[in-house]
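Okay, thanks everyone, let's get going. I'd like to talk through pockets today, and then the ligand. Here is the structure on the screen.

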Amino acid sequence: MKGFFITFISLEMKRRKFTKSLTASITSISLTNGFGHNHLSFRKEKLGIALVGLGNYATRQLAPALLETQMCELKGIVSGTPSKIDLWKKDYNLKDHQIYDYNNFDSIANNDEIDIVYVVLPNNMHKEFTLRAFQAGKHVICEKPMAMNAQEAAQMIEAGKKAKRQLFIGYRLHYEPHHREIIRLCKTEAFGKIKFFEGGFGFRIGNPNQWRLNKAYGGGALMDVGIYVIQAARYTIGLEPIAISAREFKTDLVKFKEVDELITWQMEFSNGAVANCTTSFSASTNHLYVAAEKGLIRLSPAYTYGQLRGYTRKYNFDFPQINQQALHMDGISNSLMNSVPHMNVGGEEGLRDMKIIDAIFASIKQHGKRVMI
Ligand code: NAD
């Protein structure tokens with residue numbers, strides 16, 4: 001028993017050291033290697049970000065996180081709601097020339113303070129504003145899901161290449177220490193080969209009039225939160241799925257007239273591993289576990305902004321809570337400024353998920369038929 005606790009404490013210390021070094025490596029500034037950013041003619045200490053769409057996520061998470069970031073800062077806002085502007089100007093010390101609406105957005109091209117446009121709009125608007133931002137010569141962070149489907153996602157990637165600007169997706173969990181740790185444990189086969197993944201993310205959605213319940217806006221549980229489970233299955237198993245079977249279930253035909261309420265899907269991987277996944281707009285779930293030959297690794301809660309918790313057969317990992325959004329935006333800024341590789345949050349990663357989402361919907365249409373990817 002004593003041996004177990006000593007092992008536990010030493011593993012725990014290793015984990016803490018890991019978090020510290022992760023944070024340091026993401027935010028450290030290499031001042032000698034500062035020319036990776038391909039359109040800055042002079043060196044900035046922080047990159048300027050403009051938030052497009054001042055809804056919940058931008059207001060409650062991203063803007064406050066930009067007060068904590070070390071390598072980027074809020075330098076512009078784009079909104080179609082004039083009544084929001086005064087408060088934003090006051091809260092973030094913004095001046096008139098930093099305020100845009102959806103019509104004059106393209107003139108952001110003339111604003112050198114802004115390096116990155118962060119698209120935080122309903123999903124059906126992601127492509128349009130990403131393309132317009134590239135036209136304006138800006139890099140883009142686009143929220144998840146990056147587009148309505150894989151075809152749109154591919155067009156966005158192509159536009160970035162043409163403009164010689166980079167496209168990133170709002171995959172904050174790639175920077176989150178519990179997820180970094182679970183990826184490390186899986187990659188090193190700490191508990192042997194992974195055979196099975198099980199994960200679910202869902203919540204009971206409120207207001208029946210919101211865009212998340214509207215198909216034309218890219219609504220539905222899968223697009224909104226199921227995508228996190230797709231992500232987690234892919235980065236723990238470390239492969240792309242080769243086949244998918246999915247089914248959709250509805251209990252409220254009025255509220256979920258247009259979009260999915262609950263979907264379960266299974267992904268098969270080339271090494272024989274299988275992932276069973278669930279997403280829902282009516283049931284609350286937030287977990288993942290990876291079953292390997294010699295034990296399982298579990299995260300619960302797994303996908304939210306608060307304190308995540310990890311468990312294994314040998315020890316738990318409860319890293320201190322960090323600001324996921326700040327770490328994510330700093331990581332991207334560091335990558336642009338100092339050519340430090342980002343944590344796999346590029347457009348191609350978003351496209352892989354969109355292909356899987358397309359396949360899930362295709363399987364549902366065919367009553368659960370196995371769809372090859
Ligand atoms: P929201 O509804 O709170 O905000 C959407 C914003 O878009 C609002 O300011 C709204 O005024 C504006 N808008 C412009 N045109 C609109 C139109 N035609 N219809 C509706 N709204 C319009 O949504 P949100 O929760 O902030 O989500 C925005 C994006 O961010 C989505 O893509 C969502 O998936 C993503 N998101 C990501 C995370 C994350 O953790 N990464 C969390 C929440 C949301």
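I'll go through the pockets one by one and then turn to the ligand contacts.

One thing up front: this is a predicted model, so please keep that in mind as we go.

Let's start with the largest pocket. Its volume comes out at about 1000 Å³, and 38 residues line it. If you want to find the centre on your own screen, look for Asn56, Tyr57, Arg212, Asp224 and Tyr305, which lie nearest to it. As for secondary structure, the elements giving two or more residues to that lining are helix H2 (56-65), strand S7 (194-202), helix H7 (221-237) and strand S11 (285-292). Which of them gives the most? That's H2, with five residues. And the chemistry of the lining? We have 16 nonpolar residues, 15 polar ones and seven charged ones.

So where does the ligand go? The space it takes is this largest pocket. Two elements, H2 and H7, give two or more residues to the shell around the ligand. That shell splits into 11 nonpolar, five polar and six charged residues. There are 22 residues around the ligand, and the ones that come nearest are Asn56, Asn123, Lys144, Arg172 and Trp211. Asn56, you'll remember, was also on the list for the pocket centre.

Now the polar contacts, for those of you who like distances. At asparagine 56 the partner is a polar backbone atom, 2.8 Å from an oxygen atom of the ligand. At asparagine 123 the side chain does the job: one of its N or O atoms is 2.7 Å from a ligand oxygen. Then there's glutamate 143, where a polar side-chain atom lies 3.0 Å from a nitrogen atom of the ligand. And how much of the ligand gets covered? On its own the ligand has 830 Å² of accessible area, and the protein covers 80% of that.

Last stop, the second largest pocket. About 570 Å³ of space lies in there, with 26 residues in the lining. Nearest its centre you'll find Ile183, Lys187, Tyr235, Thr236 and Gly238. The elements giving two or more residues here are helix H1 (2-27), helix H6 (177-187), S7, H7 and helix H9 (347-365). S7 and H7 are names you've heard already, from the lining of the largest pocket. By class, this second lining has nine nonpolar, seven polar and 10 charged residues.

That's it from me, happy to take questions.

Conventions
Residues are numbered from 1 along each chain as its sequence is written. This is a predicted model: local features need pLDDT of at least 70, side-chain atom pairs count only at pLDDT 80 or more; totals for chains, interfaces and linings use all residues. Side-chain values use heavy atoms; hydrogens and water are left out. On a 1 Å grid over the protein atoms alone, a cavity is a set of points where a 1.4 Å probe fits but cannot get out, and a pocket is an open set with protein on both sides within 12 Å along at least five of seven lines; lining residues have an atom within 4 Å of a point. Grid points are joined across faces, edges and corners, and a volume is the space filled by probe spheres set on the points. Helices (H or I, at least four residues) and strands (E, at least two) are DSSP runs, numbered from the N terminus. Ala, Val, Leu, Ile, Met, Phe, Trp, Tyr, Cys and Pro count as nonpolar, Asp, Glu, Lys and Arg as charged, and the others, Gly among them, as polar. A residue is near a molecule or strand if one of its heavy atoms lies within 4 Å of it. A polar contact is a pair of N or O atoms within 3.5 Å; within protein, one must be able to donate a hydrogen and the other to accept it, and residues adjacent in sequence count only if both atoms are side-chain atoms. Accessible areas come from the Shrake-Rupley method with a 1.4 Å probe; for residues, only the protein chains shown count as cover. A molecule sits in a cavity or pocket if more than half of its atoms lie within 2 Å of its grid points.
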